[in-house]
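Thank you all for coming. I would like to walk you through a few places in this structure, one at a time, so please keep the sequence and the view open as I speak.

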Amino acid sequence: MTEHTEMGVAQIRDGVANGDFTAVEVAEAFNAAVAAASDLNAFIVTTPDSALDAARNVDARRAKGQDIGKMGGVPIGMKDLFATDGTPTTAASHILEGFVPPYESTVSAKLWDAGAGMLGKLNLDQFAMGSSNETSAFGNVVNPWRAKGSDAPLAPGGSSGGSSAAVAARLCPAATGTDTGGSIRQPAAFTGITGIKPTYGRCSRWGVVAFASSLDQPGPMARDTRDCAIMLEAMAGFDPKDSTSLDAPVPEWEAGLNPDLSGKRVGIPREYRMDGMDADVAKSWDDGIAWLKDAGATIVDISLPHTKYALPAYYIIAPAEASSNLARYDGVRYGLRDLPDGAGLQDMYAATRAAGFGKEVKRRIMIGTYVLSAGFYDAYYTQAQKVRQLIADDFAKAWESCDVILAPTCPSAAFPLGDKVSDPLSMYLNDVFAVPASLAGLPAMSVPAGLNRDGLPLGLQIIGKGFDEQGVLNAGLAIEQRAGFTAKPDTWWKA
Amino acid sequence: MSTYTIHGATGEWEVVIGLEVHAQVTSKAKLFSGAATAFGAEPNTQVSLVDAAMPGMLPVPNRECIRQAVRTGMAIDAQINAWSRFDRKNYFYADLPQGYQISQLYHPLVGEGHLDIVLDEKDPENTTKRIGVERIHVEQDAGKLMHDQHPTMSYVDLNRSGVALMEIVSKPDMRSPAEAGAYVRKLRTILRYVGSCDGNMEEGSMRADVNVSVRRPGEEFGTRTETKNVNSVRFVMATIEYEANRQVELIEDGGKVVQETRLFDPDTGTTRSMRSKEDAHDYRYFPDPDLLPLELDDAFLAACRDSLPELPDAKRLRYENELGVPPYNAAVLTAEVETARWFEKLLTTAAEQQGKAQADVAKQASNWLMSELFGALNKLGKDLSDSPVTPEKGGELLALIGDGTISGSIAKQVLEIMLETGDGAGEIVEREGLKQESDTGAIEAAVDTVLADNPDKVEAYRGGKDRLFGFFVGQTMKAMQGKANPQVVNDILKQKLG
Amino acid sequence: MSVDKATVTKIASLARIAMSDAEVEAMVPELNNILGWVEQLGEVDVTGVEPMATVVPNALRLREDEVNADPKTGGGVRDKVLANAPAPEHGFFGVPKVIE
């Protein structure tokens, strides 16, 4: 039999349901893998007992002949941006160190209800702000992948870097992520796994530590498309506690999976083919085009003329929202309080926030505060929201001639840790292909497409129409079946 | 309407006043959370995780709060914006857990409207002045800080945090403390009629930010100051009085008015600068990304309109024009919705029991209510809300007067007993034998006795001393123990005295 | 538009983040670098374009006026509300004394 840790969501769920093995056996195997992988620093907190409790519960249900749920017996990693009742939730920031929520996020609650268990809380970029997981207050995550012939540690992508590393290293079969401007797709691409950001509003944001409210969207990260479909079904759904939640039934994405793309049109946005594009990235994109053709799709050239303005618009809107969303971390009701001798209230705020927030978080709060401040609001924020509308309009126009869009997920494979930390702009540019779909609220996914010349995974991105996760998943499945991506990182971290 | 000016050393100054009234919306739950809004609860017991701004918490608006704000807008004839949006007002304070207040700046729910004020109800001209309302928007209230519980700490209670407020922003149309006072009273009346705010200023359900500036008559507006959270009509007027005089003095001494936030001190009747809130006002308003635009459909708006009660101005006109209630009475009786309701019940009973039209008894009823009952209640330190006399019992009393069962003076006695015992008028009249005597035989006999006992006065009367007529009436009534029908007494006396 | 030390100091104060002189100094070129880059948005012709108001077509829902309809967003949970407070005091949140 395959080792439990080599199994994905569907395989575990079906195996537990069939009685091939117990949920407890699976949980124990993953708990052990997690315990042996501390060098990856993928987890901020591990919760082996929680995983075992959930597993016992599933086994008991099965013994009684009850339904074990969509995710029955599947232990997962939970990005530490989701509030978990009774388990510390930090957003990878000192400012929330020690915070134990007395509530459970809607998405995590749905997953537990579906029979999943929690292996631990996954590391991330602080407040999900970053593309390399280097802004975490609890140290960076290390990508399990290494370039051929090199021991240099690589970035696992960000912000869901703990999630991507843990799934890629087989520490969990799947993990939650959140995507604000690529935070699911880019780390998925960097680690050779699959991740989907659904349509904005599909998954509730209630109980998810907010970064940028109009962009944040939870989604699954797993080893393949089917596993993502299963997990997304468990995560999604209307939540009356979130005003931006979509009041629409959750489609049966797993049952609807169909890799036959006959009659589908795949748009190739010419603006994404940028000057000086990495040759391996360009080649993998061409491979993707060929695979989708092979799956029966028609390829059409499309234009998304405002693509180059997506990142600058994002770096106004996201920091603006963040500067306000993060105002609540003030040392009054929870988390860190830094009270210098004789300090008044406002001094306490300033000291607490100076001590609690990391450098990148401060930088973004500063940008956001500036662009919203008197006299600058229209020039920056209003202009950015207008450009954002133009970007959404570009997509709307594109849908007249295509059903899904294929593009690279990132301009490069995983880069070495430390490579871009000192240059925020070059870090931001890593999300150039991911951000447009975020601004337009569209479902978008990254699937592994192969390895580059250094033996590092590359991802292909599929962007779909709003509400059409199925179209995205189907195209992802078609690529997956043809890419034959079976490569795995060497398990160097197991001492 | 009024020509209020400040007499400065260098001449006359006009005062320009605008008010921002914060009115707590009557709702069971908060604007964006399900926590209760009841006044006076133990600290932090009416606080949800949303109100405490826990990480990941999100706002969902309360329909009732929106409905009440729309109805309020309709009641002041304002434009209702079917498309509006919530914005965040960002600033740091211990009573503001989110670090921003959800409010509406760019697209408020209610646009321009107006209300008419009357300065002096006894003024026969009954001059009204129209005061413009700029906008009404819906926003969250803040929590409360307590400073006197601990030597080095302030305590934060978030019970009020997130309670819905309407901010009703007037135009700078007022020119005197009296106008501002009349505006606040009129606004309170309308809110209470509509039922969108209980208008309870003691509990902080209504409070005003008072904007005051001074100028030479006819010149441009001067620099204004904003005195925050003034919580009674009297204090609003005192704030204006003080601020206007302070500003005139300042300018005449060669100084300049600084645009600033000030605080009213009720103990001294003065205002002072709130320097603690002065540091760099930059609220960085932007649309709240946790909320979508608020779009109201025609059915919602129609339901709001249909649910509006008769409003004070309309009611007052109806009282005057259709019921014949004297203008001053109409003004007093419509000023509080409870008074109007009481009066209308009184009227209904009085008219029904006499089989008359309401218009035929309304004037009498309004006079009785205002001169008899209000006076009597006042002596007892009570008002209509705790009156032992119900409107139905009052109506019964009026009917007894109307059909001649008792006289006006007996009615006063009956009312006193009603106030003491809470019993019905008819019951008291019966029990105490207070029924008016209209039997001419008995009255004639009494008159005869009185005339026979006072032959000299009869002589004098017949000799031209007309004013002795009152003496005979008095004596007859006395003999009849006050129960004789005065009209019948008059008639018989006239006839017998020739 | 570019920022100088004074502006960065003011922004840091608005954002309530204490910064040393050296931190402010370091932040000036960083912010200018980013702001200079985002300012390319100025090139875009946005004539007649309304700022985006909703990301995907969706209308704001209103909830009914019911107290504690959902315990997760209702009151009466003082223990939970105060559970993580750095200075809970007799049912209140304690903060350094505020002089108004």
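Let me begin with a cut-off, since several of my remarks rest on it: a residue is called buried when its relative accessible area is under 20%, exposed when that area is over 50%, and partly exposed in between. I should also say at once that what you are looking at is a predicted model.

With that cut-off in hand, look at B:D77, which sits in the loop between α1 (63–75) and β3 (83–84) of chain B. Its relative accessibility is 56%, and therefore B:D77 counts as exposed. The backbone here deserves a glance as well, for B:D77 has a positive phi of about 60 degrees although it is not a glycine. Most residues other than glycine have a negative phi, and most peptide bonds are trans.

Chain A offers another case of a positive phi, at A:N133, a residue other than glycine whose phi is near 65 degrees. Is A:N133 buried or exposed? Its relative accessibility is 0%, so A:N133 counts as buried. A:N133 belongs to the loop between β3 and α5 of chain A, and A:S159 is found in the loop between β3 (117–122) and α5 (161–168) of that chain. If you move to A:S159, you will see that the peptide bond leading into it from A:G158 is cis, with omega near 10 degrees.

Staying with chain A, please find A:T84, in the loop between β2 (75–79) and α4 (106–113). A:T84 has a relative accessible area of 1%, and so it is buried. Setting aside residues up to four places away in sequence, A:T84 touches a list of residues that includes A:M78, A:P101, A:Y103, A:S108 and A:K121. There is also a meeting of parts that lie far from each other in the sequence: A:T84 and A:G207 are 123 residues apart along the chain, while their C-alpha atoms are separated by 8.3 Å.

Now to a strand of chain A, β10, which covers residues 444–451. Why do I describe β10(A) as largely enclosed by the rest of the structure? The reason is that seven of its eight residues are buried. Strand β5 (residues 194–197) of chain A is joined to β10(A) by three bridges, and the two run antiparallel; within that pairing, A:G195 has A:S446 as its bridge partner. Strand β11 (residues 457–464) of chain A is also antiparallel to β10(A), with seven bridges between them, and here A:A444 stands opposite A:I463. Between β10(A) and β11(A) there are five residues, and the two strands form a hairpin, in whose turn A:G455 has a positive phi of about 80 degrees.

The next item brings two chains together. Four strands form an open sheet with antiparallel pairing, in the order β8(B)-β9(B)-β2(C)-β1(C). At its edges stand β8 (144–146) of chain B and β1 (88–89) of chain C, each of which has a single partner strand, so one side of each is left without a neighbour in the sheet. In chain C, two bridges join β1(C) to β2(C), the latter being residues 92–96, and C:E89 stands opposite C:F92.

Let me turn to helices. Two packed helices are described by the angle between their axes and the distance between the axes. In chain C, the axes of α1 (residues 5–14) and α2 (residues 21–38) come within 9 Å and cross at roughly 105 degrees, which means that α1(C) is roughly perpendicular to α2(C). Among the residues making the contact are C:K5, C:V8 and C:T9 of α1(C), together with C:V24, C:V28 and C:L31 of α2(C). By class, that contact has five nonpolar, one polar and three charged residues.

In chain B, the axes of α9 (residues 391–402) and α11 (residues 425–432) come within 8 Å and cross at roughly 55 degrees, so α9(B) is oblique to α11(B). There B:K393, B:E396, B:L397 and B:L400 of α9(B) meet B:A425, B:G426, B:E427 and B:V429 of α11(B).

I will finish with B:R246, which lies in helix α3 (residues 233–252) of chain B. B:R246 counts as buried because its relative accessibility is 18%, and its side chain makes a polar contact of 2.9 Å with the side chain of B:E243. Leaving aside neighbours within four places in sequence, B:R246 is in contact with B:T225, B:E260, B:R262 and B:T271.

Technical notes. Residues numbered from 1 in each chain as written. Chains lettered and ligands numbered in written order. Predicted model: local features only at pLDDT ≥ 70, side-chain atom pairs only at ≥ 80, totals over all residues. Heavy atoms only, no water. Buried < 20%, exposed > 50% of the residue type's maximum accessible area, 1.4 Å probe, protein only. Polar contact = N/O pair within 3.5 Å; in protein donor to acceptor, adjacent residues only side chain to side chain. Contact = heavy atoms within 4.5 Å. Pairing = 2+ DSSP bridges. Axes fitted to C-alpha atoms, helices over the stretch in contact; angles between N-to-C directions. Parallel < 35°, antiparallel > 145°, perpendicular 65-115°, else oblique. Nonpolar A, V, L, I, M, F, W, Y, C, P; charged D, E, K, R; others polar.
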